[in-house]
Structure formats: structure tokens, C-alpha cells
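User: I should like to understand the terms used for this model. Please explain on what grounds each one is applied.

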Amino acid sequence: MRLLDVLRRLPAPVTAERLAAATEISRRQLYRDIATLRAGGVLIDGAAGYGYTLTEDPALPPQSFSRIEIEALMLGIGSLDALGDADLARAGRDAIARIIATLPDGQARQAMHTILRSWRPPDARADVKIDMDMVRRACWDETSLWISYRDLNERRTEREIWPLGLSYGPNALILLGLCQLRQDYRLFHVAQIGEARPGGTSFRPRRVELLRAYVAHRSG
């Protein structure tokens, strides 16, 4: 989806080098992704060394959602504003704008006039001091983070963690990580992290395995 979005936005033909940079993947992976899209029926003209052009396929049906699906999408995106993560809320608005642009006129009007709204009282949410984009990227890329952490008893430690996922609660943002200091799972209040920087240690491809083990442990 990200590759298709870039192909739609950039002036054609788009070189492989520019596509790889825009989607943050290697050129070898880009060629594989283009082959996969073509195998799935997407019409992409061009070749390596020349550039690529996305040709919309008129045989594909227009994107369509039921009215309640549209309401659910808009409600979910609207609820992001309450999480205190401006980048995440902005990404949601950008995504829904692209979705609305692909809908038939009647459904696009329904999306602009939904009846459901998300609202909650303002939270006494502590400010987050660290770069959340860096934290999300570490989770996606499965690379470690070094964090300076102050626990609820005001004890300060510095440790390397393997970040596994983020949980947005009503009053707090929690980072689940495998702490290399304790060799165990830990839940970190993100507002209590004073500093975070890339650790450089890769734990790919263990994130899914570790998350499953954590869920199984909690369930047991």
C-alpha cells in the first residue's frame, strides 16, 4: 500500500532509487514488491533503469464500504486525537482523506457527515519527552533502544530494551519491552522515560515470537 501510494503521488516515471528512498526499503526489496504487485493484477509500466508508472486498472471495482463501516472508520480515526500523539493523529487524518478520495460520491458525502463522534474528558496525561517516531520505528525495525527510566518509586536506571509494542491507555502510554538488564518483560510508562536513543542491536525476526510468549504468560 505504501509503494502504491508513492507511485500515485510522485511524477511518473519514478526511478527505482527514488521509490526505494521514499518507501525506506532496499532496491532489491523494491523489485520484489513490484513483481508481487504485478502478480496481483496491478498495472505498473516500466523497468529497472528507466522508471515506473502506475496505470490504474479500470477492471478493478471502485473501493466501497457500507454506511456503518464508514461510521466505524471515521469514529476510529477521530478517537486518535485523545491519545496525545500528534503524529499518530495526523497520520490517521491523512489516511482517511486518501480513503475518502477513492469512494463514490455518495459514500464520500456520508463520510463527511457521519453521526458518530469520539469524545472523552480531557486526561491528566503526563507529557512525553522522547521522540515517539523513533520508538515506533525501533518496534517496526526490531532494533533495541537505550532508555533512561525513572520508575514510580523515583529510582533512575539506564538500560537497553527490545521494544515490542505500545499500548495507549486512558491515562498513560505504555511501552512493552524485553529488558536486557533484567532479562524479562517490563512495562514502561513512556512519560517516565527521560531519554531514549537507538541501541543498534537487532532482534529480528523475534518480535512476534516474543509478543506471543508475553501474551501466553499473561493469560496463563
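Analyst: The following exchange sets the terms against the values of this predicted model.

User: How is the protein chain built overall?

Analyst: The protein chain holds eight helices and seven strands. Its C-alpha trace spans about 60 × 45 × 35 Å along the principal axes. Of its 220 residues, 32% count as buried. The chain exposes about 13,900 Å², of which carbon and sulfur atoms supply 54%. Among contacts with a separation of 6 or more, 54% join residues 24 or more positions apart.

User: Why does Glu 142 count as buried?

Analyst: A residue is buried under 20% relative accessible area. Glu 142 has 9% relative accessibility, and therefore counts as buried. Its place is in the loop between helix 7 and strand 3.

User: What does Glu 142 touch, not counting residues up to four places away in sequence?

Analyst: Contact requires heavy atoms within 4.5 Å. On that criterion Glu 142 touches Thr 201, Ser 202, Phe 203, Arg 204, Pro 205, Arg 206 and Arg 207. Ser 202 is 60 residues from Glu 142 along the chain, yet their C-alpha atoms are separated by 5.9 Å.

User: Which residues of helix 1 are buried, and what covers them?

Analyst: In helix 1 (residues 2-9), the buried residues are Leu 3, Leu 4, Asp 5, Val 6 and Leu 7. Their cover includes helix 2 (16-23), helix 3 (27-39), strand 1 (43-47), strand 2 (51-55) and helix 5 (86-101).

User: What makes an empty space a cavity, and what makes it a pocket?

Analyst: In a cavity a 1.4 Å probe fits but cannot get out, whereas a pocket is open. The structure holds one cavity of 30 Å³ or more. The largest cavity has a volume of about 40 Å³. The second largest pocket contains about 560 Å³ of space.

User: How do you know the character of the lining of the largest cavity?

Analyst: The lining consists of Phe 65, Ile 70, Leu 73, Met 74, Ile 96, Ile 99, Ile 100, Leu 103 and Ala 111. Phe, Ile, Leu, Met and Ala are among the residue types that count as nonpolar. The lining accordingly has nine nonpolar, no polar and no charged residues. Helix 4 (67-78) and helix 5 each supply at least two of the lining residues.

User: What is the make-up of the lining of the second largest pocket?

Analyst: That lining has five nonpolar, no polar and nine charged residues. Of its 14 residues, Arg 2, Ala 91, Arg 98, Asp 133 and Trp 140 lie nearest the centre of the pocket. Arg and Asp count as charged, Ala and Trp as nonpolar. Helix 5 gives the most to this lining, with seven residues. Helix 5 and helix 7 (132-141) each supply at least two.

User: Why are strand 3 and strand 4 said to pair?

Analyst: Two strands pair if there are at least two bridges between them. Strand 3 (residues 143-150) and strand 4 (residues 156-168) have six bridges, in the antiparallel sense. Arg 150 stands opposite Arg 156 in strand 4. The two strands form a hairpin with five residues between them, and Glu 154 in the turn has a positive phi of about 70°.

User: What is the arrangement of strand 4 and strand 5?

Analyst: Strand 4 and strand 5 (residues 173-179) pair in the antiparallel sense over seven bridges, which meets the requirement of at least two. Pro 163 has Gly 177 in strand 5 as its bridge partner. A hairpin through four residues joins strand 4 to strand 5.

Conventions: Residues are numbered from 1 along each chain as its sequence is written. This is a predicted model: local features need pLDDT of at least 70, side-chain atom pairs count only at pLDDT 80 or more; totals for chains, interfaces and linings use all residues. Side-chain values use heavy atoms; hydrogens and water are left out. Buried means under 20% relative accessible area, exposed over 50%, partly exposed in between (1.4 Å probe, protein chains only). On a 1 Å grid over the protein atoms alone, a cavity is a set of points where a 1.4 Å probe fits but cannot get out, and a pocket is an open set with protein on both sides within 12 Å along at least five of seven lines; lining residues have an atom within 4 Å of a point. Grid points are joined across faces, edges and corners, and a volume is the space filled by probe spheres set on the points. Accessible areas come from the Shrake-Rupley method with a 1.4 Å probe; for residues, only the protein chains shown count as cover.
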